[in-house]
Amino acid sequence: MNPRKIKDNIYWMGYIDWDARLFDELIPLPDGTSYNAYLIAGSEKTVLIDTVEPQFFSELEAQLKDVAKLDYLVSLHAEQDHSGSIPRVLAKYPNAKLVTTPKAKGILLDILDISADAIITVADGETLSLGDKTLEFIYTPWVHWPETMVAYLQEDKILFSCDFFGSHIATTYLFGSDEARVYEAAKRYYAEVMMPFGNTIKKHLQKLAPYAIDIIAPSHGPLHKRPSFIIDAHTDWVAGALKNVVILPYVSMHNSTKTMVDHLAAMLSDRGVRVELFNLSVTDIGKLAIALVDAGTIVIGTPTVLAGPHPAAAYCAFLANALRPRTKYLSIIGSYGWGGKTVETLAGTIPNLKVEIIEPILIKGFPTEQDLQSLESLAQTIAEKHKEQGFI
Ligand code: FEO
């Protein structure tokens, strides 16, 4: 892929990774991803913002073939998908200075083979003149790492946002013209790495609000030429009303738990509560994470295996605890054969969730008529709580 012009003297560079299917060996990437770098040629200084995964450096190197002199290499975020090629860029341009936050400096020195002498650190709000263009650095720690910043190109009103506002999509479209597609991918990305820091993201959104932004250029996925679309989406995810939705991640071995899940789903639906089922044996956990962003209630369905929850249900609870959704209510339903500590074990894995636990329903064997009535009562309780909370 050749460099692509965004505006005069401002180019996308990087690597479109069509084959990527898993990020951090955890996060499914059904649409691949990209590692975006950006070249800005000012009248006096030239800067490259971020790099690419080191195994794709040759692509970036080819894109830089006509760049004789690089004055600055900016590292917005030290994670290796953006920083991994920094040593090779600095080797190619030994006089370039690496510009980053003091926190990122320490991390970069820990994880990369670079010299501290090459690094200059910038303060929050500091600017870097490129001659006719000015880069302003804005600290945004805990987008999901503690060292992160974004950069605002004042004259062109472009925000280089690194992971913030990004989406895992491999596409040759420079701008994300299909907003529905970008919305889902960006929500997946937010859910999987940023949701635990939702309150901090909210403050970053407030900090960026005064900036006039024409283009957002993230480090994954297409650029945004209608910034309000992606900013409003993030604002909704961090602070919007929760949805009148119950998500039902479940696993069932002999159909007893599945029968309970189906009955609860039907009873909730009858009461106007939307339901999303996720069979944990086969589900894309990214879809589950997306649903966690704004669901009012989680009900985990699990059989009892070896005296505890099914490991797939335990993994789901562990993941939800790590992602810290804003969900208000949680319950557990399931079936056991002769005993166990399923509820106690699952409840012990979710200390981070600020949820009200609604009385779990654990039954012996296949659900009886009485058990189904208990599930109907659970559905009624959830519907009433959602109504009281004004979930939409
Ligand atoms: Fe895209 Fe946090 O790295």
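This is a dialogue about reading the sheets, helices and domains of a predicted model.

Visitor: Where should I begin, and which domains does the assignment give?

Guide: Begin with the division of the chain. In this predicted model, the domain assignment gives domain 1, residues 4-239, and domain 2, residues 243-386.

Visitor: How do I read a sheet, and what is the strand order in the sheet of seven strands?

Guide: Read the strands in the order in which they lie side by side, then look at the pairing. Here the open sheet of seven strands has the order 1-2-5-6-7-8-9, and its pairing is mixed.

Visitor: Which strands stand at the edges of that sheet?

Guide: Strand 1 (4-7) and strand 9 (119-121) do. Each has a single partner strand, so one side of each has no neighbour in the sheet. As for the turn between neighbouring strands of this sheet, the average is 25 degrees, with direction ignored.

Visitor: How do strand 7 and strand 8 run, parallel or antiparallel?

Guide: Parallel. Strand 7 (residues 72-74) and strand 8 (residues 97-100) are joined by three bridges. To find one position in this pair, look for V74, which has V99 of strand 8 opposite.

Visitor: Which helix packs on this sheet, touching strand 8 and strand 9?

Guide: Helix 4, residues 102-111, does. To describe such packing, name the strands touched and then give the angle. The direction of helix 4 makes about 125 degrees with that of strand 8.

Visitor: What is the strand order in the open sheet of five strands?

Guide: The order is 10-11-12-13-14, again read across the sheet, and the pairing is mixed. At the edges are strand 10 (127-129) and strand 14 (215-218), each of which pairs on one side only. From one strand to the next, the twist averages 20 degrees.

Visitor: How many bridges join strand 10 to strand 11?

Guide: Three, and the two strands run antiparallel, with strand 11 covering residues 134-139. One position to look up is T127, whose bridge partner in strand 11 is E136.

Visitor: Which helix packs on the sheet and touches strand 11, strand 12 and strand 13?

Guide: Helix 6, residues 198-208. Strand 12 spans 149-153 and strand 13 spans 158-162. The angle between the direction of helix 6 and that of strand 11 is about 150 degrees.

Visitor: Now the two domains. What separation do their centres have?

Guide: The centres of domain 1 and domain 2, taken over C-alpha atoms, are separated by 38 Å. For the interface itself, look at contacts and buried area. In contact are 14 residues of domain 1 and 16 residues of domain 2. Between them the domains bury about 1300 Å², with 60% of that on carbon and sulfur atoms.

Visitor: How many salt bridges are counted between domain 1 and domain 2?

Guide: Four. The count of residue pairs in polar contact between the domains is also given, and that is four.

Visitor: Which elements give two or more residues to the side of domain 1 that touches domain 2?

Guide: Helix 5 (179-194) and helix 7 (227-239). Helix 5 provides the largest share of that side, six residues.

Visitor: How many salt bridges does a search of the whole structure find?

Guide: The search finds 16. To read one, name the two side chains and give the N to O distance. For K243 and D236 that distance is 3.7 Å. K5 and D8 form a salt bridge at 2.7 Å, and D66 and K65 form one at 3.7 Å.

Technical notes: Residues numbered from 1 in each chain as written. Predicted model: local features only at pLDDT ≥ 70, side-chain atom pairs only at ≥ 80, totals over all residues. Heavy atoms only, no water. Pairing = 2+ DSSP bridges. Helix = DSSP H or I, 4+ residues; strand = E, 2+ residues; numbered from the N terminus. Axes fitted to C-alpha atoms, helices over the stretch in contact; angles between N-to-C directions. Contact = heavy atoms within 4.5 Å. Domains from an automatic or database assignment. Buried area = accessible area lost by both parts, 1.4 Å probe. Polar contact = N/O pair within 3.5 Å; in protein donor to acceptor, adjacent residues only side chain to side chain.
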